[in-house]
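Colleague: Please give me a close account of the aromatic residues in this model and of the strands and cysteines around them. Kindly state each cut-off as you use it.

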Amino acid sequence: MEKVRCQRIGCDAMFSEDDNPEGSCTYHDAGPKFHDGMKEWSCCKKRSHDFSLFLEIPGCKTGKHTTEKPVLAKATAIPKQPVSFPTPSANGSSKDACLRCRQGFFCSDHGSHARETPKSSVSAHVESSLDIPEPQPPKAKEIVDINQPQTCKNKGCGKSFKEKDNHATACSYHPGPPVFHDRVRGWKCCDVHVNEFDEFMSIPPCTKGWHNPDPVS
């Protein structure tokens, strides 16, 4: 029997009526929703920003293939929640009930001069509204095997070393930052400056010390 294409959303497979068992079709039984660049299948709530990845989301229902096109509602946008604003009172005597006046801001409904608010209460309101993050504990230093090869991150070194061979004069490096100004390149620590980048990379280090795989710590 001639094969035809399944019309269910998310399937698009070829089938024949004599080879169409239950569960052979995987599809979406509801249409998509689009909102602020987000694409979502309303049946399974799976979503993606990328349209190609969205189309690759597998169907959430199984059944038989069919040549009948499903009747779906049009793709709908996710409605935005209305934002309500306080309605200013028409009565000028309700100044104490006005949110802007009570916070000490300019209010066009109750005159050009807002009620003075004590500085201490304003400061307390601002400080209480700040979300101050808690200090993070220092990152634990990784324990490294003394025979494990590591790469020194000191400026001007970059050599491979093992902790068992590390000592106070094992590394030759530049402790100061590099300087680039008006085509002149150099190191601030040893006050050596050249014009060519190759010469800059060849400036010998001026300080001895320990190899360090993590100079930030």
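Modeller: Phe 34, Trp 41 and Phe 54 form one aromatic cluster; rings of Phe, Tyr and Trp (its six-membered ring) count as a pair if their centres lie within 6.5 Å. The model is predicted, so local features need pLDDT of at least 70 and side-chain atom pairs pLDDT 80 or more, whereas totals for chains, interfaces and linings use all residues. Residues are numbered from 1 along each chain as its sequence is written, and side-chain values use heavy atoms, without hydrogens or water.

Phe 34 also belongs to a nonpolar surface patch with Phe 51 and Leu 55, which together offer about 280 Å² of accessible area. Such areas follow the Shrake-Rupley method with a 1.4 Å probe, and for residues only the protein chains shown count as cover. Patch members have over 30% relative accessible area and no salt bridge; like charges are joined within 9 Å and nonpolar side chains (Val, Leu, Ile, Met, Phe, Trp, Tyr) within 5 Å. A salt bridge requires a side-chain nitrogen of Lys or Arg within 4 Å of a carboxyl oxygen of Asp or Glu. Leu 55 lies in helix H1 (residues 51-55), and its relative accessibility of 51% makes it exposed (over 50%; buried is under 20%, partly exposed in between, with a 1.4 Å probe and protein chains only).

Strands S4, S5 and S6 form an open antiparallel sheet in that order. At its edges, S4 (32-35) and S6 (47-48) each pair on one side only. Helices (H or I, at least four residues) and strands (E, at least two) are DSSP runs numbered from the N terminus, and two strands pair if DSSP finds at least two bridges between them. S5 (residues 38-41) is joined to S6 by two bridges, and Glu 40 stands opposite Arg 47 in S6.

Further along the chain, S11 (residues 178-181) and S12 (residues 184-187) pair antiparallel over four bridges. Two residues separate the strands of this hairpin, where Asp 182 takes a positive phi near 50 degrees.

The structure holds four aromatic pairs. In one of them, the centres of Trp 187 and Phe 200 are 5.3 Å apart with planes at 20 degrees, so the pair is stacked (under 30 degrees; over 60 is edge-to-face and the rest tilted). Trp 187 in S12 and Phe 200 in helix H4 (residues 197-201) are 13 residues apart. Both rings belong to buried residues, Trp 187 at 8% and Phe 200 at 6% relative accessibility.

As for the cysteines, zero disulfides (sulfur atoms within 2.5 Å) are found in the whole structure. The sulfur nearest to that of Cys 60 belongs to Cys 43, 3.5 Å away.
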